[in-house]
Amino acid sequence: MMSAVLVVHGGAWSIPDEMAPASVDGVKAAARHGSSVLKSGGSALDAVEAAVRALEDNPTFNAGYGATLNIDGEVELDAIIMDGRTLASGAVSCVKNIANPVSLARAVMEKTSHIMLTGKGANQFAESIGINAIPTDKLVTEYEKKEWEKHKKYFAGVMEEFNTKWAHDTVGAVAVDCAGNVACATSTGGIRNKMVGRVGDSPVIGCGGYANNSSGAVSCTGHGESILKVTLARLILSHVEQGKSVADASRLSLQYMGDRVQGAGGTIVVSPSGQWAATFTTERMAWAAAADGVLWFGINPEERLNEKLSQ
């Protein structure tokens, strides 16, 4: 029996000082929640779903409740989950009125022969399996309404939106369980003021997330179009397969994305042996890792704080 590890992130972006404490508290709570699933014998897949659900339910983060609004003032959600043991994956994109898209993604994986469902079809599938839709206004925070109103007046495009450091934060989790199986999950509301129907990296296999027992599990965050161009999650694991540590693989891949397509972002990675890393090239990324009875966490570059992981 090996030691189980779970790592979460709350998005890589320029988190303002007034949101930093809530962001750190949120990832710590999600890591504790996911870790308790592992400790009670749950699988890596169960743990990443539980951790991401906790982040989706937290209005601090741009996923589920608290998601950003598109150019029409609507919420469109994307999510992915992947099982490193079988390479089974499920994803949804442009989903409306669903509080926990990560669980809908898992249902796509387990109850259909497909990998991704989008828009109306994803919502119809949710209804068919008894996942209740909730009113749009239940997902939208007052903070987001104000930010959307403020920025829609001089919006210039998603790249500019990202580079001007307005809110952007995907959430994600990776885990390895006691059996050595890895899993990943990623969920997002996308970039504020995105075009209707825009899909970023988060629900795309090999970009927003990837998990394979032979190399590890990754969840990515950052400028979605840049991550898609370099297939960031898969790129990181290809470096791991060539013998790099998960930390070096993450750093090299993010550096390549910056050099090649001028994109910034962040990643969390765990290997089947329990090695883990949280790396980012944005100003900040809230992250937390539960490993060997210790809860590690940080938000600023090079920051690695820790406390005892009480269950």
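**View A. Strands β7, β8, β9 and β10 form an open sheet of 4 strands, in the order β7-β8-β9-β10, with antiparallel pairing.** Because β7 (209–212) and β10 (276–280) stand at the edges with a single partner strand each, one side of each has no neighbour in the sheet. On average, neighbouring strands here are turned by 10° against each other, direction ignored. This is a predicted model, in which local features need pLDDT of at least 70 and side-chain atom pairs count only at pLDDT 80 or more, while totals for chains, interfaces and linings use all residues. Residues are numbered from 1 along each chain as its sequence is written, and side-chain values use heavy atoms, with hydrogens and water left out. Helices (H or I, at least four residues) and strands (E, at least two) are DSSP runs, numbered from the N terminus. Two strands count as paired if DSSP finds at least two bridges between them.

**View B. A closer look at one edge of the sheet shows β9 and β10 side by side, with two helices lying across the strands.** Strand β9 (residues 265–270) is joined to β10 by 5 bridges, and the two run antiparallel. If you would like a pair to zoom in on, V270 stands opposite W276 in β10. Helix α10 (residues 246–261) lies across β9 and β10, at about 20° to β10. Helix α9 (residues 232–241) lies across β7, β8 and β9, at about 140° to β8. Axes are lines fitted to C-alpha atoms, for helices over the stretch in contact, and angles run from 0 to 180 degrees between N-to-C directions.

**View C. The end of β8 and the loop after it carry annotated positions.** According to its unreviewed UniProt entry, the "binding site" annotation covers R198, V199, G200, D201, T221, G222, H223 and G224. UniProt positions follow the numbering used here, feature names are shortened, and annotations may be inferred rather than shown by experiment. G222 belongs to strand β8 (residues 216–222), and its relative accessible area of 1% makes this residue buried. H223 sits in the loop between β8 and α8 (224–230) and is buried too, at 4% relative accessibility. Buried means under 20% relative accessible area, exposed over 50%, and partly exposed in between (1.4 Å probe, protein chains only).

**View D. T170 is the residue under the "active site" annotation of the unreviewed UniProt entry.** T170 lies in the loop between α7 (158–163) and β5, and is buried because its relative accessible area is 2%. Leaving aside neighbours within four places in sequence, the contacts of T170 (heavy atoms within 4.5 Å) include H9, G10, G11 and N62. Further along the chain, T170 also touches T186, S187, T188, S202, C220 and T221. T221 is among the positions of the "binding site" annotation as well.

**View E. Strand β1 (residues 5–13) is mostly covered, with 9 of its 9 residues buried.** β1 pairs with strand β5 (residues 171–176) in the antiparallel sense over 5 bridges, and V5 stands opposite V176 in β5. β1 is also joined to strand β11 (residues 284–291) by 7 bridges, again antiparallel. In β11, M285 is the bridge partner of A12.

**View F. Helix α3 (residues 101–111) is mostly covered: 9 of its 11 residues are buried.** The buried set is P101, V102, S103, L104, A105, R106, A107, V108 and M109. These residues pack against α2 (44–56), β2 (77–83), β3 (89–95), β4 (116–118), α4 (119–128) and β6 (182–188).

**View G. L6, V8 and I81 touch the most other members of the largest nonpolar core, which has 50 residues.** α2 provides the largest share of this core, 8 residues. A nonpolar core is a set of buried Ala, Val, Leu, Ile, Met, Phe, Trp, Tyr and Cys residues joined through side-chain atoms within 4.5 Å. Beyond its neighbours within four places in sequence, I81 is in contact with residues including L45, V48, V102, A105, R106 and M109. A second, separate core of 36 residues includes M82, C207, C220 and A277.

**View H. Zooming out, the protein chain has 10 helices and 13 strands.** Buried residues make up 59% of its 311 residues. The radius of gyration of the chain is 17 Å, which agrees with the value near 19 Å for a compact globule of 311 residues. That radius is taken over C-alpha atoms, and the globule rule is 2.2 Å times the number of residues to the power 0.38.
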